[in-house]
Amino acid sequence: MTAPAAPAPAAAPARVTTKPARRPRMRELSGQVGWGIVAWVVGIAFFLPVLWMVLTAFKPESAAETWPPQFVFRPTLAEFRLVFAGWGPFVTHSIIATVVSTLLVLLLGVPAAYALSVRPVKRWRDGLFFFISTKMLPIVAAIGPLYVIALKTHLLDTIWVLIILYTAMNLPLAIWMIRSFMLEVPGELLEAARLDGAGQIREISSVILPVISPGLVSTALICVIFAWNELFLALNLTVTNAATLPMFLISSVPQEGLYIAHLSAAATVASIPVILVGWIAQRSLVRGLSMGAIK
Amino acid sequence: MSSSLVRLRTLAVAGGVATALAVAACSSGGSSSGNNNSTGTVTVAVVSNPLITNQMVPLTQSVFEKQYPGIKVKFATYTEGDLRAAIEKDVSTHSNTFNVIMIGPYEAPLFAKNGWLENLSTQYIAKDPSYDASDLLPPIAKALSYKGSLYAVPFYGESSMVYYRKDLFKAAGLTMPAHPTWTQIQTFAAKLNKPGKVAGVCLRGLAGWGDNMAALDTVVNTFGGEWFNQQWQPQLTSPAFEKATNFYVNLIRKYGESGASNDSFNQLLTLYGQGKCAMWYDATVAATSIATTYPAMAKQTGYAFAPTDLTKSSGWLWTWSLGIPQGVSNRDAAWKFVSWATSKQYDTLVAKKYGWSAVPPGTRTSLYQNPAYQKAASAFAPITLASIDGTDPDHPTLHPVPYVGIQYVDIPQFETLGLQVAQQIAGAIAGSESVSQALKTAQQDASQYSPAELSGG
Amino acid sequence: MAVLETGAASTPQVGIQPRAASRRERWLRRLPLLPALIYVIVVTQIPFLVTLYYSFQNYFWNQPGGATFNGFSNYSTVFTSSAFRGALVRSVIMTASAVIVAMILGVAFAVLLDRKFLGRGVVRTLIITPFLVMPAAAALVWAGPMLDPNFGLVNYLLQPFGVHHVAWLSTFPLLSVIAVMIWQWTPFMTLIVLAGLQGQPPETLEAAKVDGAGALATFRELTLPHLRPYIELGILLGSIYLVNVFDQVRLMTNGGPGTATTNLPFYLYQQVNYAFDVGGAAATGVVTVILTIIVATFALRMFARVFQFEGADA
């Protein structure tokens, strides 16, 4: 893939000299339209369950599931009102846990990635493998021990237990991603900085960070997605003082009662922040991934 | 790479050991012991249920906390499976997280035996005659007791019964007797079944000892079967057990709703309310749900006792009740909440705000003697009361058995054994295995425990 | 990867190798790594150690008396348990099929999205949304309003094709769960592959077209090799996350019917939440880690290039 800086100007003139721009022919145009239609069908098909979830959220509980399924109906905000009445502490905890753990991941991950890429330690391969290997223990197996540890360190049902665990959960992937972005930094820039006499810190802050900032955004986005949606640890290690949105969602499934409309409303509300962030940042996400997903 | 990897991993583990020792050294031991106060925060673990989320929680905020300004109540709401796990973790590690726990007659005697619950009779009810524990329905009170004392008090109680569509029965020229037999139910289902439109009878199939097994266990009991004989040997492949299971599974396969292996109370309530079931066998509390969610359907609904075969009655017995973990902090405040939520006054509060037919059923005799309740719930109150009174969890089966529990076996191992068997039954209902295969596997699962384990348990 | 494109391979990947590896230089290099390394060691290895400890204990949460030592008894239970073996096999089946299908779809969708058409940005947004939805929410919505045999949208939409009230979760449980896994992870694969496609230099494509190569041949000979590292990354990351998938199994089928959809995480969950068998779950977890490390070591040999500084074989 092309590195951002130097080769691009070289590529541009090469393009221009091949063929003069011409209007697309009929066959090309209909081919374009054909692919467009296919793409739209795929997009809608993939989005349909989400759309259905949002629609169901506006239905009254007794008519949430009907045959045939209703696309046109009189909407009600009753379920949303209930959701917003109850979600306060949950969304606060979710925001704190997600934001703080993501910041912590970046804070720890950037220097670590640096030490595995630009100025690598001798055994960087082992380091990388170690980080990834921490994701090999299924968290379900360790939940008993985690509960006991959290209990003995007085971290049970505190926001810190989630922050600590989410950071550890996301660090391996973040280090890997940031590392590959760093490897994309053109050697010339680093050489120039070194000749200027820059130390490690200035090298990172004034040369590397600006270049990889889209990559940092996409890394942060991935961390936010995983932390925000995490259910299992929150369910087992928090109760009321640190319960997050996924727990709010699960609690809306009663053991003897109707719940589909309420669940859809809760699910919609719970997913909207991450969906919005994802939509806004998707361009950055693609750019970030294309910058150096592989190295 | 692998040898250096092993070296690195060993280093990491060693580093972990060092830190672990350090942490262990400076952390104090386990939980804080409960200092007892009559004010403070009371954290209540509850199951997700409309009677709780739509009634108990708002009323707690609007009435209880105003009445007792020093007490703050926090609710942690779980699905049934998660609730059990959270509570077991909490009480067995004495982590003091919950001041009040919502449990049923499965947990109450077991926890009491382990010394995990406060003895409510001696600690609190004895000093509070206005609570009137003698008003509690006897089978419910018995199910929550251990050695004569109450260790939990009921919030709502249920048995099981049959709901049927009076209009469909009339159109087909059928009459539902008050105490039907399972054979009669099968005949009715065959006549009323319209594939694709209306199922002859809707039954639970979802894997879970409180889901499909709750219904199947009552069928097994009334067909003369049992889980274990007096020597604690599993009887899951005995003729009676096999006959009952074949009957239940075939009834579903032939005249039941499609996709039954994923259906429990919630799904069946939706099906029945949308008119897709001619009959429905499930919890008595469904009457309240139908009345509140599908009032039009409620008008067409008739009620009959749980179907029998060889026994006189066969309904199950369950109650969601509140208990206080042993030695937890703020016990007195916790009792204030528990007694409030299970009192006669609470019923009146619910009636005032939500109507008499919405009051949590199945706990107190006084509710069923109340003329206002009798009028509002006239269709289903008498049969609910009679169903509960007709149960005897101490003698659930035709032959004597060493365990108590109608739709469960009150031993600690049942939590997992019940689920394993339930999964096999769900497989049979889904058609992915035969009933005899399912029961053979279930019998193997049950045989992994020795009689000593089960009885000593 | 710079290799296949221009002669820019002369810019090797940045890696300032230590010249004279003086002790000070070595420690200066290690310093930035230490905070993350120490943090991860403490937070992951302590629980692992405690898990190891409990794996040798008999510890049930529903029995009084705490933990008592019982040697290797938990481990022998794991190795003789057909339920564990079944869960293991199912995990492999579910992970492999989900990853492979998601990647195939990902490549297809990336190719679609790489072309210009009206509303391309919108379609891309629609396609990535499943990845952003809370997995627990997705599982519950699929289990209910989508796949319900009597009220579900899927049955409704498939009616014109002769599908009649299929009970998806009862009759095709594994397929349903895997389908939802694919639905949620295809966007991830799509994005990774799309990044690769958009990094493909247009000159080589133009050159191929001038040479008269058809679209299919261009794709096969030029694009796919260029995409290979991206595809491998997607497969690797996807496998790591999908092998641990849990919410869908628990919320859609509860591991059933029978044990049809019980994968390893759900099997462990049953041990912890139903049997309250902390010791047994710990032993199962340790065995899983060992197996995963063995598999991962082999897999990483295959994906060795991902770890190399230098580029691919040319």
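Q: How do you know at what angle helix α4 (residues 82-114) of chain C and helix α11 (residues 215-242) of chain C pack, and how far apart their axes are?
A: Axes are lines fitted to C-alpha atoms, for helices over the stretch in contact, and angles run from 0 to 180 degrees between N-to-C directions; by that convention the two helices pack at about 145°, with their axes 10 Å apart. This is a predicted model, in which local features need pLDDT of at least 70, side-chain atom pairs count only at pLDDT 80 or more, and totals for chains, interfaces and linings use all residues. Residues are numbered from 1 along each chain as its sequence is written, while chains are lettered from A and ligands numbered from 1 in the order in which they are written.

Q: Is the crossing of α4(C) and α11(C) called left-handed or right-handed?
A: A crossing is left-handed if the near helix is turned anticlockwise from the far one by less than a right angle, and right-handed if clockwise; the crossing of α4(C) and α11(C) is right-handed.

Q: Which residues make the contact between α4(C) and α11(C)?
A: Residues are in contact if their C-beta atoms, placed from the backbone, lie within 7 Å. On that criterion C:Thr95, C:Ala98, C:Val99, C:Ala102, C:Met103 and C:Gly106 of α4(C) meet C:Ile231, C:Gly234, C:Ile235, C:Gly238, C:Ser239 and C:Leu242 of α11(C). By class, this contact has seven nonpolar, five polar and no charged residues, where Ala, Val, Leu, Ile, Met, Phe, Trp, Tyr, Cys and Pro count as nonpolar, Asp, Glu, Lys and Arg as charged, and the others, Gly among them, as polar.

Q: How do you know how many helices and strands chain C has?
A: Helices (H or I, at least four residues) and strands (E, at least two) are DSSP runs, numbered from the N terminus, and chain C has 15 helices and two strands. Among contacts in chain C between residues at least 6 apart in sequence, 70% join residues at least 24 apart.

Q: Why is C:Leu157 classed as it is, buried, exposed or partly exposed?
A: A residue is buried if 20 or more other C-beta atoms, placed from the backbone, lie within 10 Å of its own, exposed if 12 or fewer, and partly exposed in between. C:Leu157, in helix α7 (residues 153-158) of chain C, has 14 other C-beta atoms within 10 Å and is therefore partly exposed. Over chain C, 51% of the 314 residues count as buried.

Q: Why is B:Val47 counted as buried or exposed?
A: B:Val47, in strand β1 of chain B, has 24 C-beta neighbours inside 10 Å and therefore counts as buried. Not counting residues up to four places away in sequence, B:Val47 touches A:Gln255, B:Ile52, B:Tyr78, B:Glu80, B:Leu83, B:Met102 and B:Trp320.

Q: What makes helix α12 (residues 286-293) of chain B enclosed to the degree that it is?
A: Six of its eight residues are buried, so the helix is largely enclosed by the rest of the structure. The buried residues are B:Ala286, B:Ala287, B:Thr288, B:Ser289, B:Ile290 and B:Ala291, and they pack against β7 (160-165), α11 (265-273), β8 (279-283), α13 (295-299), β9 (301-305) and α18 (381-389) of chain B.

Q: Which residues touch the most other members of the largest nonpolar core, and why is this core said to lie where it does in chain B?
A: A nonpolar core is a set of buried Ala, Val, Leu, Ile, Met, Phe, Trp, Tyr and Cys residues joined through C-beta atoms within 7 Å. Of its 341 residues, B:Ala45, B:Val201, B:Met279 and B:Phe337 touch the most other members. Helix α7 (residues 159-182) of chain A gives the most to this core, with 18 residues. Domain 1 (40-151 + 318-376) and domain 2 (160-317 + 393-456) of chain B both give residues to this core, so it lies between them; the domain bounds come from an automatic or database domain assignment.

Q: What separates the centres of domain 1 of chain B and domain 2 of chain B, and what makes up their contact?
A: Taken over C-alpha atoms, the centres are 28 Å apart, and the contact takes 12 residues from domain 1 of chain B and 13 residues from domain 2 of chain B. On the side of domain 1 that touches domain 2, the elements giving two or more residues are α4 (107-114) and α6 (138-143) of chain B.

Q: How many residues does each chain give to the contact of chain A with chain C?
A: Chain A gives 94 residues and chain C gives 93 residues. Helix α2 (residues 26-57) of chain A supplies the largest share of the side of chain A that touches chain C, 16 residues, and that side divides into 68 nonpolar, 20 polar and six charged residues.

Definitions and conventions
Two residues are in contact if their C-beta atoms, placed from the backbone, lie within 7 Å.
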